[in-house]
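Colleague: I would like a close look at a single part of this structure. Please take one element of the central sheet and work outwards from there, in plain terms for a first-year student.

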Amino acid sequence: MRARRVIAGVSGSPGSLQALRYAAGLARTDDSVLAPVLAWTPPGGELADRRAPCPQLRTAWKQAAWERLWQAIGLAIGGPPADLEFAPSIVRGPAGLVLSDLASEPGDVLVIGAGRRGALRMTACKVSKYCLGHARCPVIAVPPPELAAELHGFHGWMHRHRMQPEDADLHATDV
């Protein structure tokens with residue numbers, strides 16, 4: 001099966017950057033459209049925005065979402081690819097719902113980050129779980145890069161705070 005459009009969920013997290021890299025490779029292989037999508041909601045949520053709507057704030061939030069998307073595109077694939085049809089977008093709404101609704105046409109493939117590994121995964125991967133359960137197209141869940149796995153949780157803390165063998169020798173000579 002060849003993809004007509006590869007939609008990548010982008011948030012700026014290490015997992016979403018990895019997913020965007022994978023999506024770009026898939027789009028090149030299938031000669032399809034690469035469509036990175038950033039879903040956003042107002043700070044404080046939709047209820048806060050409905051209580052006190054402000055057009056200037058909505059414009060600023062949309063601009064911030066575009067900036068975050070372009071920064072993620074730059075970090076993941078070095079900017080807009082010249083060799084692909086490229087259709088980035090920002091959409092207001094919950095990420096899982098937005099991505100599942102967008103990836104609904106024949107020939108679509110949705111690429112998402114699989115989220116964190118470990119004990120907190122069950123509570124931290126709401127978007128990927130939603131997309132896997134509700135999408136009407138093939139979904140590819142890309143695992144996070146090894147570096148991201150090292151930075152989270154207790155094991156990440158231990159990795160950052162462990163003594164290197166040469167440090168242990170220094171402390172042993174100080175006694």
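**Strand β4 and its surroundings**

Modeller: Of the 175 residues in the chain, 35% are buried. The model is a predicted one, and the chain holds nine helices and five strands. Read from the N terminus, the elements follow the order β-α-β-α-α-β-α-β-α-α-β-α-α-α. Among contacts with a separation of 6 or more, 74% join residues 24 or more positions apart.

The part to look at is strand β4, residues 108–113. The five strands make an open sheet with parallel pairing, in the order β3-β2-β1-β4-β5. At the edges are β3 and β5 (139–142), each of which pairs on one side only. From one strand to the next, the twist averages 25 degrees. In the sheet order, β4 stands between β1 and β5.

Take the β1 side of β4 to begin with. β1 and β4 are paired in the parallel sense over four bridges. One of the pairs joins Val-6 to its bridge partner in β4, Val-109. On the other side, β4 pairs with β5, again in the parallel sense and over four bridges. Here Ile-112 stands opposite Ala-141 of β5, and Gly-113 has Val-142 of β5 as its bridge partner.

How much of β4 is covered? Six of its six residues are buried. The cover is on both faces: Asp-108, Leu-110 and Ile-112 are buried on one side, and Val-109, Val-111 and Gly-113 are buried on the other.

Which helices lie across β4? Helix α1 is one of them; α1 lies across β1 (5–9), β2, β4 and β5, and runs at about 150 degrees to β4. Helix α6, residues 126–134, lies across β4 and β5, at about 155 degrees to β4.

Helix α6 also leads to a further helix. Helix α4 (residues 95–102) packs with α6 at an angle of about 30 degrees, and the axes of the two are 8 Å apart. Their crossing is right-handed. From α4, the contact takes in Ala-95, Gly-96, Leu-97, Leu-99 and Ser-100, and from α6 it takes in Val-127, Tyr-130, Cys-131 and His-134. Sorted by class, this contact of α4 with α6 has six nonpolar residues, three polar ones and no charged ones.

Helix α1 leads to a loop. Between α1 and β2 is the loop that holds Asp-31. This residue is not a glycine, yet Asp-31 has a positive phi of about 50 degrees. Is Asp-31 buried or exposed? Its relative accessible area is 64%, over the 50% cut-off, so Asp-31 counts as exposed.

Further along the sheet order, towards β2 and β3, helix α3 comes into the picture. The buried residues of α3 are covered by elements that include α1 (14–30), β2 (33–40), α2 (45–51) and β3 (89–92). Those buried residues are Trp-61, Ala-65, Leu-69, Ala-72, Ile-73 and Ala-76. The length of this helix can be checked. Helix α3 has 23 residues (55–77), and at 1.5 Å a residue they should span 33 Å; the end C-alpha atoms are 33 Å apart, so the two values agree. Just after α3 comes Gly-78, with a positive phi of about 80 degrees.

Leu-69 serves as an example from this helix. Why does Leu-69 count as buried? Its relative accessibility is 0%, and buried means under 20%, so Leu-69 meets the cut-off. Setting aside neighbours within four places in sequence, Leu-69 is in contact with Val-10, Pro-36, Leu-38, Pro-88, Ser-89 and Ile-90. Leu-69 and Val-37 are 32 residues apart in sequence, while their C-alpha atoms are 7.7 Å apart in space.

To return to the part you asked about: strand β4 pairs in the parallel sense with β1 and with β5. Both of its faces are covered, and the helices lying across it include α1 and α6.

Notes: Residues are numbered from 1 along each chain as its sequence is written. This is a predicted model: local features need pLDDT of at least 70, side-chain atom pairs count only at pLDDT 80 or more; totals for chains, interfaces and linings use all residues. Side-chain values use heavy atoms; hydrogens and water are left out. The expected span of a helix is 1.5 Å times one less than its number of residues. Buried means under 20% relative accessible area, exposed over 50%, partly exposed in between (1.4 Å probe, protein chains only). Contact means heavy atoms within 4.5 Å. Two strands pair if DSSP finds at least two bridges between them. Axes are lines fitted to C-alpha atoms, for helices over the stretch in contact, and angles run from 0 to 180 degrees between N-to-C directions. A crossing is left-handed if the near helix is turned anticlockwise from the far one by less than a right angle, and right-handed if clockwise. Ala, Val, Leu, Ile, Met, Phe, Trp, Tyr, Cys and Pro count as nonpolar, Asp, Glu, Lys and Arg as charged, and the others, Gly among them, as polar.
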